[in-house]
Amino acid sequence: MSGALRIPGAGRLSQAKTARFSFDGQSYSGIEGDTLASALLANGVHLVGRSFKYHRPRGFLSAGAEEPNALVEIKRDAARKTPNVRATVQELYDGLAAQSQNRWPSLAFDVGAVNDIASPLFSAGFYYKTFMWPKAAWKSLYEPKIRAAAGLGVAPDQPDPDHYSARFAHCDVLVLGGGAAGIAAALAAAETGVRVILADEQAEFGGSLRFESGAKIDGQDGFAWAQAAIARLKALDNVRVLSRATAFGYYAQNFVALVERVSDHLQNPGRDLPRERLWQVRAKRVVLATGAIERHMVFADNDRPGIMLASAARTYLNHYGVAVGRNVGVYTANDSAYAAAIDLKKAGVDVAAIVDLRDNPTGPVIDEARALGIEINFGRAVISAGGKLRVTSMTVQPKNGGGERTIPVDAILMSAGWTPSVHLFSQSRGKVAFNDETKRFVPGTYAQDCVSVGACNGTDGLSATIDEAYAAGAKAAKDTGAKAARGTKPKVDASESWSRGMLGAAPGAGPDTTVKAFVDFQNDVTAKDIRQAVHEGMRSIEHVKRFTTNGMATDQGKTSNMHGLAIAAETLGKPIPQVGLTTFRAPYTPVTFGSIVGHARGPLFDPTRKTAIHPWAEAQGAVFEDVGQWKRAWYFPKGGEDMHAAVDRECVTVRKTAGLFDASTLGKIEVVGPDAAKFMELLYTNPWEKLEPGRCRYGIMLREDGFIYDDGVVGRLAPDRFHVTTTTGGAPRVMNHMEDYLQTEFPHLNVWLTSTTEQWAVIAVQGPKSRDIIAPLVEGIDMSDEALPHMSVREGRICGVPTRLFRMSFSGERGFEVNVPADYGQAVWEALWAEGQKHGATAYGTEAMHVLRAEKGYIIVGQDTDGTVTPNDAGLDWAVGKKKTDFVGIRGMARPDLVAKGRKQLVGLKTKDPKVVLEEGAQVVADPKQAVPMKMIGHVTSSYWSENCGRSIALALVAGGRDRMGETLYVPMPDGVIEVEVAGMVFFDEKGERLNG
Amino acid sequence: MAKTATRKTVAAAPSAERRAALAGQELSATGVRLAVLPPAERISLRAPEASVAALAKALGVTLPRKPKTSASKAGRTALWLGPDEWLIIDEAGKDPLADCAEVTALHSAVGISHRNIAISVTGPAAAAAVNSGCPQDLSLDAFPMGAASRTILGKVEIVLLRTAEDAFRVECWRSFSDYVFTFLSEATRDAAA
């Protein structure tokens, strides 16, 4: 059995396929095709949640995506717990387990409901007023308590085991919404042969045809017609039909984001099936067929479980075969609720009374209701609802006052009218216009190539809707260059239509200040809260919204915005369009983080870049560090060495014999063309014109402001060809910087830039034995000091493969950098390693490289500089071409502040106690006895233990540093002050003799 | 380099082993197959309009002038990457860098054979797999056979070439190849949908 309230013969689900599920531990049966909501209702369950602020019992308001109340947690396993799932859209599967939220100890008895009694304390904007002091208590007491108490649902605490997929797609016509309008538009567009995507958030297409029993198209029941039309569309090659796909964001140039729920409705999703798929669609034309959403009536206690939208009750009956009660009342201000009453009555449900706020409406549905013997009360209002966990009665009164009458009911169906869903239109930056006659906002001025059709455009009636949609679909296709449509327009044989309804609070909503007549169910905002906001001085609807939080819950005010606006307008005494509508923002309905993240998790979170030599280093047990996206060998521990021991050994070995270092990550740019030297002159501080081919130079690049941007050794391979190296981290931005200047400032130069970072694997061989290691493997290059002096480059072969062999040093030792095409990197490294072993050479990592260069006072851009350091500050005046008249940064460098006395200059620091190693980033002061906060005169940029020097060494930026040589300065630390002496930047081999040693 | 020196090199040292990134990796899924392609010769060619004819002649392949196009002849493909930029890929084992060296017309040719690696994506779901991370319109109308584009896949830059109705060549930098292959592997799981 699938529930006592399932009506035999009603609805479209096959009774044969049952699905068992549980809610709060209790087992129930449903039918395949049910939503969790329809299955619970079939079992007579209305109470499914507690409200956000007052913890009031709540049931189902709707049968769709607009649901504010029925939010549950769906738990598949410990890691797959999804909070705040709308039960009205969660499809049932066998074994589904759902839990109610925001209640303790149980849904029926919730301690938090005390908030409802204490509600005068929690009036609109209470958190702005109530918890002002003591100030400190906000952070430690009020905020955490309020947050804990007010939370709705619990976020999962384990990594999400599901995976999410993504797809970019293009089409000519994108149709959003798969009701009668969307299907008609898609048919018209598809028949022309253009590429069409049709998407709808529901599992089945049809939109309001799900409940409109009076619709007949092409001789069929409306919903059946929709299914047949979808089958036809699916069969076409030029059409993609997406169900369970919500268009949640409409961005610039017809870029629409949709999330397709692929497996949330399946009992056992295969491991390969993503949970969701993000579609990012670029469409030439968009047809918005997003329909309309029914509004509730605003009256006292209108949130009791069992009170719902009339169209929802009709959907549950006509689609799911479920009666939402046995004796229902109807409260309406428009015709559409009559259809619900009529359908229920015909299905055998008692309709206690229809209460209609209008005075003397006429029409066929009213006649039909009357003919069925339903009691109809015109000009009356429901002023309150009885019952707590389920509505038990409605109290009716003439709308201008008078005798009250209480009618027992177990459900109330309500309809205040329909709000066009202009969310996506508004997101497209279109401007809505208020139609004063029909009291609704409809699309006004369009900002993009889109068109609205049907109910979302304020078009009433099925015939008019299909006419409009079919024409719009054909025109959208034509606008993209298609031929005329070949098909025939669907013919409407019968349809329903209804009138306008009302906005704002009905008589039962007060003016009483204790009445809770809900406007926004999800955020517990009542009519009196909105009035209070206006009374307290809010004038703009944006302020009213934020003060009351009306429309700010995850349902984004789909049912509440218009009511809230009307109440505010009435209280302000202004017409609605003057008060204005709040902005609609993406997402239309909540979107999982998973779908946004897509593939970008784990190894795909960010690329991990490895050099060609990486596998060798890994096999040697190297410890790696992250340098940007690169993995670089940090040090190579041997036989239980810790980092210190390994780095000390590596540093000593390099200076004693030699070391091999993987420098492949260095940025490389090949600058080619007859104006290459001219270009280099403009981009670097150094002179290049006279650099002979075959020679290298250390270059400094500035930004326009005169500060150091990057540095590196540049080799001139030919008069028109430079091999530029950059820092590892700077490679992409240096390339961009150069290309930017080339294209915008120096377009007259005949020169081109090519990134060759990854073309070359680079093996640095440094140390007194470096030449002995390399020479046996090299062919075609004279390795003598005369033929290959320090700072020169030759092309030849090593191990039989081409090489660009640089003689250069970042250690102060005789050194080489062997560039070979990347795929040969590891083999050449292994050959050099084998040679190196004969001399006792070591492999060394980035840490030893840092220590060795610091021993020599070579700077690292980004470590010893911070974007405010000039070449002079860094002691690199020698690298600035004194005779040069132009280069990027030359004027910046001459700014008064950049040549002023007392600038921070890079100097060496020696601790008085040589065993003490300073902390990088530590502040330097002149007088440690001054009061805190002390005057800082600089900071430590690099600091290491140098085994080669037998002491600690450090570089620091110190105000007027070069005039302080020999001075004692102080580095205050939490556990004491460290005395340091200002020294030169070179700690080892000051004369630089070892470069040729 | 002198001929004698070349001969001497060959005699003296056996050539170092070439170890390409991801060499030989492949993966098959429903509707799509990934395979890392063998090494190829490549250059990045930059040249002004006036040099195009001479370079095309030396290279033996048309240098296309239209965005998103390529030209191919005898195992050599020229992909338009920009108004003065082409990626030349030679799969026939001939060296386009040497061919350009003969040309005196203004140009820049830089060898990048080892900078890039190529992954083929083939099968009826190939376009869908690529579209998992690439925002290009890959319909045959918008991206026909021979279409080429420097674009993105997920978080990295790729050069995409359509080699057949249901086949693409994805070129990326060496150190990004692991990311690209892994990304495409993930995408293939869902491509047939």
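**Entry 1: conventions and confidence**

I read helices (H or I, at least four residues) and strands (E, at least two) as DSSP runs, numbered from the N terminus. I am working on a predicted model, in which local features need pLDDT of at least 70 and side-chain atom pairs count only at pLDDT 80 or more, while totals for chains, interfaces and linings use all residues. Residues are numbered from 1 along each chain as its sequence is written, and chains are lettered from A and ligands numbered from 1 in the order in which they are written.

I noted that the model scores ipTM 0.94 and pTM 0.93. For chain B I looked up the pLDDT (the predictor's confidence in each residue, from 0 to 100), and found a mean of 92, with 93% of the residues of chain B reaching 70 or more. Residues 1–13 of chain B fall below 50 in pLDDT, and this stretch has 15 contacts in the model beyond near neighbours in sequence, a contact being two residues whose C-beta atoms, placed from the backbone, lie within 7 Å.

**Entry 2: annotated spans of chain A**

I checked the UniProt record, keeping in mind that its positions are given in the numbering used here, that feature names are shortened, and that annotations may be inferred rather than shown by experiment. An unreviewed UniProt entry places "domain: GCVT N-terminal" at residues 613–884 of chain A; I find that span to be 26% helix and 30% strand, with its end C-alpha atoms 41 Å apart. UniProt, again in an unreviewed entry, puts "domain: SoxA A3" at residues 516–596 of chain A, where I read 46% helix and 6% strand, and a separation of 38 Å between the end C-alpha atoms.

**Entry 3: an open sheet in chain A**

I followed five strands of chain A that form an open sheet in the order 36-37-38-35-39, with antiparallel pairing, where two strands pair if DSSP finds at least two bridges between them. Strand 36 (696–702) and strand 39 (752–755) of chain A are the edge strands, each pairing on one side only. On average, neighbouring strands of this sheet are turned by 30 degrees against each other, direction ignored; the axes are lines fitted to C-alpha atoms, for helices over the stretch in contact, and angles run from 0 to 180 degrees between N-to-C directions.

Which strands does helix 19 of chain A touch? I see helix 19 (residues 676–683) packing on the sheet against strand 35 (667–672), strand 36 and strand 38 of chain A, with its direction at about 130 degrees to that of strand 35. Helix 20 (residues 731–744) of chain A lies across strands 35, 36, 37, 38 and 39 of chain A, and runs at about 165 degrees to strand 39.

Within the sheet, I found four bridges joining the antiparallel strands 37 (residues 708–718) and 38 (residues 721–726) of chain A, and I noted that Gly715(A) has His723(A), in strand 38, as its bridge partner.

**Entry 4: two hairpins in chain A**

I looked at strand 32 (residues 623–627) and strand 33 (residues 630–635) of chain A, which pair in the antiparallel sense over five bridges. Val627(A) stands opposite Trp630(A) of strand 33, and Gly628(A) takes a positive phi near 60 degrees in this hairpin, which has two residues between the strands.

I then turned to strand 26 (residues 431–435) and strand 27 (residues 440–445) of chain A, also antiparallel, with five bridges. Phe434(A) has Phe441(A) of strand 27 as its bridge partner, and Lys439(A) takes a positive phi near 55 degrees in the hairpin, where four residues lie between the strands.

**Entry 5: the contact of chain B with chain A**

I recorded 48 residues from chain B and 44 residues from chain A in the contact. On the side of chain B that touches chain A, helix 5 of chain B gives the most, with seven residues. The residues of that side divide into 21 nonpolar, 14 polar and 13 charged, where Ala, Val, Leu, Ile, Met, Phe, Trp, Tyr, Cys and Pro count as nonpolar, Asp, Glu, Lys and Arg as charged, and the others, Gly among them, as polar.

**Entry 6: domains**

I took domain bounds from an automatic or database domain assignment. In chain A, domains 3 (295–417 + 500–579) and 4 (895–996) are among those assigned, and their C-alpha centres lie 75 Å apart.

Chain B is assigned domain 1 (22–39 + 115–193) and domain 2 (40–113), and I read 23 Å between the C-alpha centres of these domains of chain B. Their contact takes twelve residues from domain 1 and twelve residues from domain 2 of chain B.
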